[in-house]
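Trainee: I am new to this structure and would be grateful for a close look at a single part of it. Please take one strand together with its surroundings and explain how they are arranged.

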Amino acid sequence: MITTKRTNSEDEDFKALVKLLDEELKILDGEEHLFYAQLNKIENIKQVIVLYDGEENVGCGAIREYAENTMEVKRMYVLPGKRGRGIASAILKGLEDWSKELEITTLVLETGKKQPEAIALYKKSGYHIIPSYGKYKNMENSICFKKELNG
């Protein structure tokens, strides 16, 4: 049974999943990994979701303040053996629901062009491609998305 825990970046299960995420991204990002790593620090994130399959932590995601009424989705990850089961969609929906509770109206995010599964997830979930923002502006590997939250 899949269960969800709301927590923060101090959570040990979240930290363990982020470590695995960073190992995977180091391979995908290649030479650009150090640049991206500096933008993905997890200290002081107040809104983190960890999903469990029974007792096993299988996926995570977070939101952090980006601008007024806007949060940025960060650190989305699902264990490779658990992918294709709707876990990432559940994490994203959980982050969207939490954002609405916080009266956030917009979510933005960045992912890598070498992550077709992530791109497909965001498109399927109603996010649309926007010009790269912030420190991602001149990064060839980046693709940025935005979603307006209604209701």
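Mentor: The following account takes strand β7 as its subject and then turns to the parts around it.

The model is a predicted one. Strand β7 runs over residues 142-148, and 5 of its 7 residues are buried, which leaves the strand mostly covered.

The sheet comes first. Strands of a sheet pair through backbone hydrogen bonds, in either a parallel or an antiparallel sense. Here 7 strands form an open sheet with mixed pairing, in the order β1-β2-β3-β4-β5-β7-β6. The edge strands, each pairing on one side only, are β1 (2-7) and β6. From one strand to the next, the twist averages 30 degrees.

In that order, β7 stands between β5 and β6. With β5 (residues 106-112), strand β7 pairs in the antiparallel sense over 7 bridges. Two positions illustrate this pairing: Thr 106 stands opposite Glu 148 in β7, and Leu 107 has Lys 147 of β7 as its bridge partner. With β6 (residues 128-130), the pairing of β7 is also antiparallel, and it extends over 3 bridges. For His 128, the bridge partner in β7 is Lys 146.

Helices also pack on the sheet. Helix α3 touches β1, β2 (47-53), β3, β4 (70-78), β5 and β7, and its direction makes about 155 degrees with that of β4. Helix α4 (residues 116-124) packs on the sheet as well, touching β4, β5, β6 and β7. The direction of α4 makes about 160 degrees with that of β5.

One residue of α3 shows how the helix meets this region. Glu 96 is found in α3, which spans residues 87-101. Because its relative accessibility is 9%, under the 20% cut-off, Glu 96 counts as buried. Leaving aside residues up to four places away in sequence, Glu 96 touches Leu 107, Ser 125, Tyr 127, Lys 147 and Leu 149. Among these contacts are both members of a bridge pair already described, Leu 107 and Lys 147.

The loop that leads into β7 deserves attention too. A pair of aromatic rings is described by the distance of the centres and the angle of the planes. The count of aromatic pairs comes to 4. In one of them, the ring centres of Tyr 66 and Tyr 133 are 5.1 Å apart and the planes stand at 70 degrees, so the pair is edge-to-face. Tyr 66 lies in strand β3 (residues 56-67) and Tyr 133 in the loop between β6 and β7, so the pair ties together parts that are 67 residues apart in sequence. Tyr 133 also forms an edge-to-face pair with Tyr 136, at 5.6 Å centre to centre and with 85 degrees between the planes.

Tyr 66, Tyr 133 and Tyr 136 thus form one aromatic cluster. As for their exposure, Tyr 66 counts as partly exposed at 39% relative accessibility. Tyr 133 is buried, with a relative accessible area of 9%, and Tyr 136 counts as buried at 4%.

Terms used. Residues numbered from 1 in each chain as written. Predicted model: local features only at pLDDT ≥ 70, side-chain atom pairs only at ≥ 80, totals over all residues. Heavy atoms only, no water. Buried < 20%, exposed > 50% of the residue type's maximum accessible area, 1.4 Å probe, protein only. Helix = DSSP H or I, 4+ residues; strand = E, 2+ residues; numbered from the N terminus. Pairing = 2+ DSSP bridges. Phe/Tyr/Trp six-rings, centres within 6.5 Å; stacked < 30°, edge-to-face > 60°. Contact = heavy atoms within 4.5 Å. Axes fitted to C-alpha atoms, helices over the stretch in contact; angles between N-to-C directions.
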